[in-house]
Structure formats: C-alpha cells, structure tokens
Amino acid sequence: MGLESAKLSIFLIVFWLSNGARCNSVEQKIYVLLNNTIPCVRLLNATHQIGCQSSISGDTGVIHVLEAESDLDWVLSSGPNPPYMVMMDAHLFNRTTMIRLKGSLRVAGVAVVIPKSGPSTGFSPHNTCPNEGSGVYSDSYGPDLAGCNGTVWNPLGNGLSYEDFNFPIFSLKEDNETEVIRKCFREHNVGLNGSTPQYPLCAMQLFSHMHAVTNTATCMRRNDIQTSFSISPEIVCDALSDYNVWGSIVPLNNTEKGHKENQSVVIAAARLDGRSFFWDIAPAGEGSITGFVTLLAAAQALSAVTPPTRNILYAFFQGEAFDYIGSSRMVYDMEKGKFVIDLENIHSILEIGQVGLRTDSKLWLHSDPISRKNSTVNSEVLKLVNYLKSEAPKLNISLDEPGVTQALPPSSFQRFLRARPIPGVVLTDHQSAFSNRYYESLYDNAEYLNVTYPPNLSPEEQLEYVTDTAKALAELATVVARSLYRQAEGEESQLAKIIADPKIVTQMLYGFLIQTNNSWFQALMSPEGQKILGATTPPQYYVGVPVSGNPVNTPTRLVQYILANLTGTPANLTQTECQNPEGVEGESKELYSYFWVQGPDYSSHDYSTWTESRWKKISARIFLVASRELEMLTLGVGVAVLLVSLLLTYFISSKADLLFSASREPASAAY
C-alpha cells in the first residue's frame, strides 16, 4: 500500500471513530438530564445570606424518596449509603422536616415534587411578619405596634425562604421526569423484603454553586476589586433592581423636579412583585396581581371623565417583597428633589393590597393609628374612608375598618409614613391575618383565585370569557375610581360615568395569570415589544436582576404599556415623531420616565440592600452509582492498564529502529 493510501485509510478510521463517539456519547448513556427543575438560589442583604447552594463541582447522593416524616430516620441515621439526595412530595416540604435535614451531614440535597394545587392547610415560606424592620413601626414610632406586636399578618409563614441551606434544593414538576426518578429508585434503591439495597444504586447530582457569600457589603466589595484590578472581571452578585411604573391623570413634566407650587396630588398605589422559595417562580396572584389589576381598571374608568381639581398619580412599585425597594426609592427621590413632585405635594394615598379573596363581599380599610392622632391627617382619612364606604354599597360591596388601635398591614404606604405623616388608607380583603393561605409561595396562582374557564374553550374564547373573579375586581375598581375622583375633588355629576370594564379586567387576569402571549397584549404592543411576551405561559413576578438585552422585567413592561393604553390620549404622530417627539410642539420625550437603582450604602438598615448571587451552572441529572469497592477496583484496573501502556510504549519506542526499519530493496540489475 502506498503512503498516500495509508494516510487516507488512517483519516477515514479517525473520522469514523470521532463520529461514532459523537453519536453514541458516553455521557448520554450514563446520565439522564432533568430539564424541568428550578433551583433555590442565594440572596444577600446588609447582614446575612439566605437560600441554597451546592459545592463547586455539584453535590451527589443516593436517591431516597421520602414518603412520610418517619422515613427521615433512614436518611439521618440508619441508611447504609449516605449521603442521600432526598426526594419528597410538597406536603412534606415544611419547616420541621427541612430544619432536621439542614443539621445533618448525611444529606447531599433535596428535590421537591410540586403539584398544581397547594396543600389545603396552606403554605407560606415567608416570615410571619413580612418586611419586619423596614416598615414605619419601630422603637421611636408606635413601639407597641413594632414587630407585628398584636397582629400576626402571616400566621402560616414558616420562614423557610429566610433560612441558609448549605446544600442544593430543587423543585421538580409532577411529570414524566419525576416518574423516571421514582422508577429508578424502586428498581435500584429498594431492597427485597426489607433487605439492604444492592449496588448499583440510583443517584442524583445537583449543580447550583453560588459565587457570593456572607452579605451584600462583602460581595459588592469583591465586585469592586474585580472590576478595578482584573482584565476580565468576574462579578459575584447583582443588586435586585427594576423599574417602578407611574402615570398621572394630568401630565407631570419630568424635566422639572421637586416641589410643585399649587399642586396637590392623590396617589393611588399597588405593588408589582412577589416571590417564592424557588428562584423566578412567583405567580403572585393574590399577593400582587389582584391589587395592580384593580388599580389599572380604576385608571381606565377614570380616563373617561373630566380630570378632577387635584391630580391623581398612579404608582406601581417593584421590589416591595424585599424591604419595599420601589416605594422607598420614590420616597427618597421625593425627599432629595429628584422626582416630579415632593412629599409636600401629596394630599393623600390610597393603596390597593390583596383584594381577590374577600369573604361575603367584605373588604377592610386600614389606616395608621399613630398619624391619625394628628387632627388634620385624621380628617382627611375620615373623608377618604367615607367616600369609599358611600360608593361600595352601590356595587354590593361591604367595607369596614378594623379596630382603631390596629397597625397598618405590610404595605408601601408605610415607607411614606416613615418620611412624614400623610393621610392614607390601605384596602385589603383581610381584617387582621392574611386571607391568603399561600402568601409569597408558588401556589398563589390562577387556580387559587378561581380564575377558571368552562371546558373546551379555545385560548381566544378564554381571553374573552368574563370570570366571576373579573366581575368582582371590576366592581371594586369602580368603587376605587369613584372614591379617588371624589377625594381629588372631581365633579359629582361625572361619577355615574366612572365604570370599570369587566372585559378589560378579565383580559388582564388572563394575560397576567394564564397566558401572556395573547391577542389583547399583542394589540397593545409594537412588533418589537411583543418579543417579551414569550411562550404560552404567564410571567413570573420576582423582581430579579437586569438581564442583558432585556433590562426591564416583563410584568413591569406590560403594566407600562397597559397603563399608557388605558389612560393615554391618541396622538396624530408618525412613527418617527412618536419615537423622537422633542421637535413636535406640545410633546416631550421626558414625560413618564422614571428609573430607580440600588444605592451605594450596602450596609444600610434604612433601605433595601438585597442582592442575588451569580452562578455558572444550574443543572440536575440522575445516574447509577457503583459500590465503593467496585469504584476502587475500576480505578486500580485503570492504573494498571496505564502502567502497562507506558511500559509498552517505552519498549516500542526504544526498539523502533528494529521494529519499523524498512527492508532494503535489491538494486536493479543493468543489462
């Protein structure tokens, strides 16, 4: 065979082997990747860290399916093959179980199977006193009310979201992947007739190593060192941040900051965000959506009438689940003269809280007993309460006030009261403890709010179907809109025209709770803006961190578009003029633009300092693991093969002249 033919043969052999390796990956034969998983991640604030993480190379353990709390003994003491990767159903995911697992070195991680419906007894991984320490009540202001003294707002809160776990915790959907894990466990990890299971055993590996540690001040200092001295800096954490959304009935020019002479503004507020134990799963149905949908519907109702004497400013705050990030930033800017109005311009505040679970059509009006000791504040609060109470019966809604000594529930309004006494009311569906059994959890969803549809309806038909929840929120929005109008000294003759549209409410509920990518949302947005609508799923309401290419959260952008469409006035402008209106008389690009970011004092106890750790890899997989003895035997055989290969290579190399020398061909004879 000639030299060229030999080269071609070698090339073909190598090509065939490489393609064979690619098509029959060893990794694919060993591991089963789990795609429908969501991790718990690490968050940090001024004092500590919370959340979960794995080791840098991932954590591996033999799978044990926890079917009852009594099975914990196998994991924590009697099981012969630690460490264990504990897989449990959601009803076992409670504080008692998790704290026991947290204290054991025999636990490599936890996988929680999440059903569509929450436990009937309720589940809230938040604290019993949400945002304790960042509200208005303290040792210097209403000390008897501080720390939820007298009113436990979230009695079902188990505080798991604020624990620091040194092992990974992932959520799993109840689907085919979960069944694969259970089958693997039954076939390999359950011994016959109660005997000890034999190798190979079914194991799971979870990757969720977090880069940030200790607290926000520490991780931000490391960020600064990286950006100052490293050619390719590696950021370890990012501040939780996004946008607030606001608008007003009468436009306020954003180029003129600070106090406005002869301006009196009524603020109508709601929060936009939520959270749960697992990263970026935050349906926030009762916790946030019912409130801001009601406020958007009220804004739509008020757009049909003559503007009142006082201006009304609609404010939608982001990051409120994390020590009131959005509202505290707005208050800060008002104090520093960086917002379009200041605190002195605020006449009163009406905040819409959790309003989707009212019992017997009854809602509650909460106010601050401390500031109401001021006669001026008290008279304005009474006026707003009376407006609400007088409008509610017209829509078959009952409103009442809790005891005069009860504190305000967790609300954005508290951040304004920290700055100065302002008249205000917080509207909720609970008298004291939350009606919401799934506060800040992944079960606070459409099903819990009873946003359901008759069978066999198409997505478009569901979008148009007016649910009972939508009717109830539309009625409430009408009451809110009329009360705001009267509080802002609008014309009494206009009240009958103020009616919230239940069809718009049902479309908003469908988009925010069921499917974002729908025809109504598409109609509100430009073709470029429709890219954020994504798949046929609802958005999540965790505030998160800015993402490259999409620095604004999807819910924030949607609320911005909806508020503009429901309250704005159509303008006869071309696309170019609309995008760059500075040259058009009476138009300004500076209107309605407002952004907040994290401040520089990362050890502050007055403002939110929450950050999210960065990570490189989030993944989960299962595989069969051999016994320790077999692993050592395999290692030994591998080392032996290596040594023999080295000796053989040395021998062949030293005798190469003899083994590979070409025989001399006889010289051709000449005749």
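**Figure 1. T537, a partly exposed loop residue in a predicted model.** In this predicted model, T537 comes out at 44% relative accessibility, so it counts as partly exposed. You'll find T537 in the loop that runs between α14 (519-524) and α15 (554-567). Once residues up to four places away in sequence are set aside, T537 touches I514, Q515 and T516. Also worth picking out is F512: this residue and T537 are 25 residues apart in sequence, with 9.1 Å between their C-alpha atoms.

**Figure 2. D238 and its partners from far along the chain.** D238 sits in strand β10, which covers residues 237-239. With a relative accessible area of 18%, D238 is buried, since the cut-off for that class is under 20%. Which side chain joins that of D238 in a polar contact of 2.6 Å? That would be R614. T611 is also part of this view: 373 residues separate D238 and T611 along the chain, yet their C-alpha atoms are 5.4 Å apart. Leaving out neighbours within four places in sequence, the contact list for D238 reads M220, V545, T611, E612 and R614.

**Figure 3. Q205, with polar contacts to two side chains.** Here we zoom in on strand β9 (residues 201-207), where Q205 is found. Q205 counts as buried because its relative accessibility is 10%. Its side chain makes a polar contact of 2.8 Å with the side chain of R621, and another, of 3.2 Å, with the side chain of T60. Beyond the four-place window in sequence, Q205 is in contact with S57, D59 and T60, and also with S619, A620, R621 and F623.

**Figure 4. Q53, a buried glutamine in a loop.** Q53 belongs to the loop between β4 (49-50) and β5 (59-66). Is Q53 buried or exposed? At 17% relative accessibility, Q53 counts as buried. The side chains of Q53 and H209 are joined by a polar contact of 3.4 Å. A polar atom of the Q53 side chain also lies 3.0 Å from the backbone nitrogen of M210. With neighbours within four places in sequence left aside, the contacts of Q53 include R42, D59 and S208, along with the run F165, N166, F167 and P168. H209 and M210 are on that contact list too.

**Figure 5. The largest cavity and its lining.** Rolling a probe the size of a water molecule over the atoms shows where empty space is left. How many cavities of 30 Å³ or more does the count give? It comes to three. The largest has a volume of about 220 Å³. Its lining is made up of 23 residues, and R271, E351, G353, P410 and S411 are the ones nearest the centre. Elements giving two or more residues to this lining are β12 (265-271), α7 (285-302), β14 (346-352) and β17 (424-428). The biggest contribution is from α7, with four residues. Sorted by class, the lining of the largest cavity holds ten nonpolar, ten polar and three charged residues.

**Figure 6. The second largest cavity.** This one holds about 140 Å³ of space. It is lined by 18 residues, with V41, L43, R275, S276 and F277 closest to its centre. The class split for the second largest cavity is twelve nonpolar, three polar and three charged residues.

**Figure 7. Two annotated spans.** An unreviewed UniProt entry annotates residues 39-212 as "domain: Nicastrin small lobe". In the model, the C-alpha atoms at the ends of that span, 39-212, lie 16 Å apart, and the span is 16% helix and 22% strand. UniProt (unreviewed entry) also lists residues 632-652 as "transmembrane region". Over residues 632-652 the model gives 100% helix and 0% strand, with 30 Å between the end C-alpha atoms.

**Figure 8. Stepping back to the protein chain.** The chain has 671 residues, 51% of which count as buried. Its secondary structure comes to 18 helices and 19 strands. Taken along the principal axes, the C-alpha atoms fill a box of roughly 125 × 75 × 55 Å. Among contacts between residues at least 6 apart in sequence, 80% join residues at least 24 apart.

Conventions. Residues are numbered from 1 along each chain as its sequence is written. This is a predicted model: local features need pLDDT of at least 70, side-chain atom pairs count only at pLDDT 80 or more; totals for chains, interfaces and linings use all residues. Side-chain values use heavy atoms; hydrogens and water are left out. UniProt positions are given in the numbering used here, feature names are shortened, and annotations may be inferred rather than shown by experiment. On a 1 Å grid over the protein atoms alone, a cavity is a set of points where a 1.4 Å probe fits but cannot get out, and a pocket is an open set with protein on both sides within 12 Å along at least five of seven lines; lining residues have an atom within 4 Å of a point. Grid points are joined across faces, edges and corners, and a volume is the space filled by probe spheres set on the points. Ala, Val, Leu, Ile, Met, Phe, Trp, Tyr, Cys and Pro count as nonpolar, Asp, Glu, Lys and Arg as charged, and the others, Gly among them, as polar. Buried means under 20% relative accessible area, exposed over 50%, partly exposed in between (1.4 Å probe, protein chains only). A polar contact is a pair of N or O atoms within 3.5 Å; within protein, one must be able to donate a hydrogen and the other to accept it, and residues adjacent in sequence count only if both atoms are side-chain atoms. Contact means heavy atoms within 4.5 Å.
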